[in-house]
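Subject: The structure I promised you

Hi,

Here is the structure we talked about, ready for you to open in your viewer. Have a look around first, then read on for what I found.

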Amino acid sequence: MNPGFGSPDNDKVWLDPDIYYVCRRCTACCRWPGDVRLGEEEIPRIAAYLAMTEEDFIQCFTRLRTDRKGLSLLEKENHECVMLENGGCRIHEVKPSQCAGFPNRWNFEGWRNVCEAVPVPMAEALAKGLVQKQGSKES
Ligand code: SF4
């Protein structure tokens, strides 16, 4: 039973501990308007991956979050994430935990209508090594 929608900050709780949704890389979650939150520890990791200084990365690719409590990745005019390139995530290997956590750690009402992730029993997903840690190659 899904106890709720969680939060993009959630990296602790499985919303449904019995089911794991395996990402099909549909990139729907990269094309919704809104913040892509960056944790403080994620900034140096992503900057290093892009071979940039943290200052340059912040200057070129981030803005204040709508709640002004941290940074978000920029979005393009069409609301896609600035890191979405050629149908994939430019920083997939080091993408923010908000991205890695969707839809298993957080989601929203009606998310199944727009996301192509495939439900797999959690035990099977664990046995097959499909379950990845937050902040790593989850999707
Ligand atoms: S950082 Fe990558 S996974 Fe996250 S929204 Fe942007 S393109 Fe998608």
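Asn-86 is a nice place to start: it counts as exposed because just 5 other C-beta atoms lie within 10 Å, and 12 or fewer is the cut-off for that label. Asn-86 sits in the loop between strand 5 (84–85) and strand 6. Its phi is positive, about 50°, although Asn-86 is not a glycine. Most residues other than glycine have a negative phi, so that is something to look at on screen. Keep in mind that this is a predicted model.

Ala-51 makes a good companion to Asn-86. Its phi is near 60°, again a positive value in a residue other than glycine. You'll find Ala-51 in the loop between helix 1 and helix 2. Ala-51 is exposed as well, with 8 other C-beta atoms within 10 Å.

Now for the two helices on either side of that loop. How do helix 1 and helix 2 cross? The axes of helix 1 (residues 42–49) and helix 2 (residues 54–61) come within 9 Å and cross at roughly 90°, which makes the two helices roughly perpendicular. On the helix 1 side, the contact is made by Ile-43, Pro-44, Ile-46 and Ala-47. Helix 2 brings in Glu-54, Phe-57 and Ile-58. Sorted by class, the residues of this contact come out as 6 nonpolar, no polar and 1 charged.

Zooming out, the chain has 4 helices and 7 strands. Reading from the N terminus, the order is β-β-α-α-β-β-β-β-α-β-α. The C-alpha atoms fill a box of roughly 40 × 30 × 25 Å along the principal axes. The radius of gyration is 15 Å, and a compact globule with 139 residues would have one near 14 Å, so the two agree. Buried residues make up 25% of the 139. As for contacts between residues at least 6 apart in sequence, 72% of them join residues at least 24 apart.

Next, the ligand. Which residues are around the ligand? They are Cys-30, Val-36, Leu-73, Cys-81, Met-83, Leu-84, Cys-89, Ile-91, Lys-95, Pro-96 and Cys-99. By class, this shell has 10 nonpolar residues, no polar ones and 1 charged residue.

One of the residues around the ligand is Cys-89, and its place is in strand 6 (residues 88–89). Cys-89 is partly exposed, with 18 other C-beta atoms within 10 Å. Not counting residues up to four places away in sequence, Cys-89 touches Cys-30, Met-83, Leu-84 and Lys-95. If you want a distance to try in your viewer, the C-alpha atoms of Cys-89 and Tyr-21 are separated by 19 Å, with their positions 68 residues apart along the chain.

Then there is the stretch around helix 3 (97–101). Is Gly-101, which is found in helix 3, buried or exposed? Gly-101 is buried, because 25 other C-beta atoms lie within 10 Å and the cut-off for buried is 20 or more. The C-alpha atoms of Gly-101 and Lys-69, 32 residues apart along the chain, are separated by 20 Å.

In the loop between helix 3 and strand 7 (118–121) you'll find Pro-103. A cis peptide bond joins Phe-102 and Pro-103, with omega about 0°. For background, most peptide bonds are trans.

Arg-105 lies in that loop between helix 3 and strand 7 too. With 21 other C-beta atoms within 10 Å, Arg-105 is buried. Leaving aside neighbours within four places in sequence, Arg-105 is in contact with Gly-6, Asn-10, Asp-11, Val-13, Trp-14 and Leu-15. Arg-105 and Val-131 are 26 residues apart in sequence, and their C-alpha atoms are 12 Å apart in space.

Last stop: Arg-65, in the loop between strand 3 (62–64) and strand 4 (71–73). Arg-65 counts as partly exposed, with 16 C-beta neighbours inside 10 Å. Beyond its neighbours within four places in sequence, Arg-65 is in contact with Asp-35, Arg-37, Gly-70, Leu-71 and Ser-72. From C-alpha to C-alpha, Arg-65 and Val-36 are 8.2 Å apart, although 29 residues apart in sequence.

Have fun clicking through it!

Cheers

Note on methods
Residues are numbered from 1 along each chain as its sequence is written. This is a predicted model: local features need pLDDT of at least 70, side-chain atom pairs count only at pLDDT 80 or more; totals for chains, interfaces and linings use all residues. A residue is near a molecule or strand if its C-beta atom, placed from the backbone, lies within 6 Å of it. Ala, Val, Leu, Ile, Met, Phe, Trp, Tyr, Cys and Pro count as nonpolar, Asp, Glu, Lys and Arg as charged, and the others, Gly among them, as polar. The radius of gyration is taken over C-alpha atoms; the globule rule is 2.2 Å times the number of residues to the power 0.38. Two residues are in contact if their C-beta atoms, placed from the backbone, lie within 7 Å. Axes are lines fitted to C-alpha atoms, for helices over the stretch in contact, and angles run from 0 to 180 degrees between N-to-C directions. Angles under 35 degrees count as roughly parallel, over 145 as roughly antiparallel, 65 to 115 as roughly perpendicular and the rest as oblique.
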